[in-house]
Amino acid sequence: MLLRGVECPILNAHHNGRRLLHLCSKLGARVRMNNIEEESVLPYEKLERNVNIIRQRLKRPLTLSEKILYGHLDEPDKQDIERGSSYLRLRPDRVAMQDATAQMAMLQFISSGLPQVAVPSTIHCDHLIQAQLGGDPDLKRANELNKEVYDFLSSASNKYGVGFWKPGSGIIHQIILENYAFPGLLLIGTDSHTPMGGGLGGLCIGVGGADAVDVMADIPWELKCPQVIGVKLTGELSGWTSSKDIILKVADILTVKGGTGSIVEYFGPGVDSLSATGMSTICNMGAEIGATTSIFPFNDNMVQYLKATKREDIAKEAMRYKEILTPDEGSEYNKLIEINLSTLAPHVNGPFTPDLAHPVDALGKNAQANGWPLEIKVGLIGSCTNSSYEDMTRAASVAKQALDKGLKAKAKFTITPGSEQIRATMERDGLTEIFKSFGGVVLANACGPCIGQWDRKDGEKNTIVTSYNRNFTGRNDANPATHAFVTSPELVTALTLAGRLDFDPRTDELETPSGSKFKLQPPSGHSLPPKGYDSGVNYYQAPSGHGNVVVNENSERLQLLKPFNPWDGKDLENMLILIKVKGKCTTDHISAAGPWLKFRGHLDNISNNLFLTAVNAENDEMNKVRNHLTGKYDTVSQTARHYKSEGVAWVAVGDENYGEGSSREHAALEPRHLGGRAIIVKSFARIHETNLKKQGMLPLTFADPNDYNKVKPDDKISIVGLNDFAPGKPLKCILKHADGKKEEIWLSHSFNAAQIEWFKAGSALNHMKAMKKK
């Protein structure tokens, strides 16, 4: 056997003008994917082989995302590859789940009857810890309140071969970055911000729990072949501008739906000025533009981060395969954006949507013009998006300047470490003490206020600024009057110090207790800790592969699933409209988070939040719809339950980009559970559309978006021609108005042949079970 470093006669060989990789240096190499799982091995050999097959077939330069995605095809020599149209059957390297979505995913996996997961998988406890008092007391309280759920996830993980990260370990995306992400990885995760791993050159894609079950069951994962948006970065960041400002600017350019059906691929000379964690911030928030995922090319900053997190062997192996971890010269993008980092201004986006961008010098003027509260009530930094060591040191440098002048935060200030490793390193290096002296409260290593896990009492119209990724109405504190703005941690710190939105730290002065004036200096920090990371407490539980999993049938938190009924072979006729939604309808509107997170493992209980905060077009009110069987108004969920009890099917009608935001499949499960059969909208967000298909629903779009206006809330809707349901063939919809008149419209869909079988079987899980029996 040839060993690494042995001289090889093909070292200098060329093929088709392309230098061959040093094969001799690779033979015999078996580098582990991570330091935790002994049996998992880097997939570079297979990836390179598959990419070579794809090259021969497509005969064109490949983008980085194409290399990684097509390199994971189940049958690279046979599958159709057409951006924006063909469906890819893929073999991801691993699966990651957070505790809120893992409950339903594991319940579905258990019902499949399979003994073990087929690919490396992990569960991360981060969503169920409410911010109330501070880190330790909040963690203790969460362990008590959620014991039943944690015990279920722990025991299910142990039995079915899933790694389990206990409460306190940190946020799923930060744990993935620190331990599991690597260049060339294809990972699916049951959270919309899974793309954060793109900062280490991996394709990490957010999905619903049913997709995770497919992969864990050794079924190829299906994804519509994405288009590729290129973002060329030139220049170099400086001063108050940070990596966060890049994605805030991209959101401004593309809007919340501009990335739908696309992978965003960053390249250009400006990339090398960004830290690996800075690139991860950008990829994380790519979810806010609807992108399938985002990615950066392998470079030296990734090497340094891998070394700092004790994965030098992976860095060395990636260097050997660098050709498949970077884009080809001359690769083509469906759309190209160019951003000059040297001229990019610091941005603050919001309120109520992450694509409403304001350069910091225009923020105050825009706030005054729109009647947004100028006073800042709370500043919140951290979360998965922005809690790297670099983020924390830059924010601390701002707080330290204030302390040196005798100043503290004028508003409340919270800090959320992304992981135990970040928390321990912050504490060791004195950052925690700076933040506490500044007036801050360090919260638990968890999602906390970012996802609405915040015990906040302020119900008035107010403003908060965060370094989070999402700022939908009521997202952080369940108060629809809270105006939430997202920006970088250092700018949050500066704005919290000033206490007002109309403060530009580049030009405006602050007054000290003695009356003197001073101006903040630009933030400074370290991309990696000079003393290395402190790993802190070990919260990881390795699976044994055996044991028992018990679900109490009287539990209010967990409920074993029952299969949905298969399609009866008939057209869906005279369905009632449960709600015609007006305006934005995210998965938060369809299935609220916050206090409802505790029911994520109990489908019937959580269904009581169906369309809780969606606006009814009939009366401009939330959670108040007309029951067309009784003529009375009731909550959305109670109306749906009444229709179901009477055997009456229903539909919901929506606007553009329906289902944007979180990957939560409860937003698809709840309508199905309560008797819904179709969701008809102008356009869908990718993950939610797939989730609906997986649960046997019909996600349909108006062939003519203006037909949304033809639908009246008291119409009866029939979808006919289902016996001829086929890919690419629109479905006829008959609107029967209350006055007896009828209108015919056409509905489009994106179902392929396999997905139509899910509909016929009643769900993808039903279809999988039937196939396993055969």
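Which elements cover the buried residues of α22? In the predicted model described here, local features require pLDDT of at least 70 and side-chain atom pairs count only at pLDDT 80 or more, whereas totals for chains, interfaces and linings use all residues. Residues are numbered from 1 along each chain as its sequence is written, and side-chain values use heavy atoms, with hydrogens and water left out.

Helices (H or I, at least four residues) and strands (E, at least two) are DSSP runs numbered from the N terminus. Helix α22 spans residues 753-761, and Gln-755, Ile-756, Trp-758 and Phe-759 in this helix are buried (under 20% relative accessible area, with exposed meaning over 50% and partly exposed in between; 1.4 Å probe, protein chains only). Viewed down the axis of α22, the buried residues fall within an arc of 150°, so they line one face of the helix; the arc is that of the directions from the helix axis to the C-beta atoms. The cover over these residues includes β3 (87-90), β9 (221-224), β30 (676-681), α21 (686-694), β31 and α23 (764-773), where contact means heavy atoms within 4.5 Å. At the start of α22, a side-chain oxygen of Asn-752 comes to within 3.2 Å of the backbone nitrogen of Ala-754. Such a polar contact is a pair of N or O atoms within 3.5 Å; within protein, one must be able to donate a hydrogen and the other to accept it, and residues adjacent in sequence count only if both atoms are side-chain atoms. Just after α22, Gly-762 adopts a positive phi of about 105°.

Two of the covering strands, β30 and β31, also belong to a barrel. This barrel is closed by 7 strands in the order β24-β29-β30-β31-β34-β33-β32, with mixed pairing. Neighbouring strands of this sheet are turned against each other by 40° on average, direction ignored; axes are lines fitted to C-alpha atoms, for helices over the stretch in contact, and angles run from 0 to 180 degrees between N-to-C directions. Two strands are taken to pair if DSSP finds at least two bridges between them.

Within the barrel, strand β24 (residues 572-580) is mostly covered, 7 of its 9 residues being buried. β24 pairs with strand β32 (residues 716-720) in the antiparallel sense over 3 bridges, and Leu-572 has Ile-719 of β32 as its bridge partner. With strand β29 (residues 650-653), β24 runs parallel and is joined by 4 bridges. The bridge partner of Ile-577 in β29 is Val-651, while that of Ile-579 is Ala-652. Ile-579 is also among the residues touched by Asn-616, together with Lys-580, Glu-621, Lys-624 and Val-625, when residues up to four places away in sequence are not counted. Asn-616 is located in strand β25 (residues 615-616) and is buried, at 2% relative accessibility.

Elsewhere in the barrel, strand β33 (residues 731-736) runs antiparallel to β34 and is joined to it by 6 bridges, with Cys-733 facing its bridge partner Ile-745 in β34. The two strands form a hairpin with 5 residues between them, and Gly-740 in the turn has a positive phi of about 95°. Strand β34 (residues 742-748) also pairs with strand β31 (residues 698-702), in the antiparallel sense over 2 bridges; here Thr-701 stands opposite Ser-748 of β34.

A further sheet is open and consists of 4 strands in the order β12-β11-β10-β13, with parallel pairing. Strands β12 (293-295) and β13 (335-340) are at the edges with a single partner strand each, so one side of each is left without a neighbour in the sheet. The twist in this sheet averages 20° from one strand to the next. Strand β10 (residues 227-234) and β13 run parallel and are joined by 6 bridges, with Leu-233 opposite Ile-339 in β13. Helix α8 (residues 243-254) lies across β10, β11 (262-267) and β13, and runs at about 135° to β13.

The structure holds 0 disulfides, a disulfide being a pair of cysteine sulfur atoms within 2.5 Å. The sulfur of Cys-204 lies 8.6 Å from the closest cysteine sulfur, that of Cys-283, which is too far for a bond. Cys-204 is buried, at 0% relative accessibility. For Cys-450, the closest cysteine sulfur is that of Cys-384 at 5.6 Å, also too far for a bond; Cys-450 is buried, with a relative accessible area of 4%.
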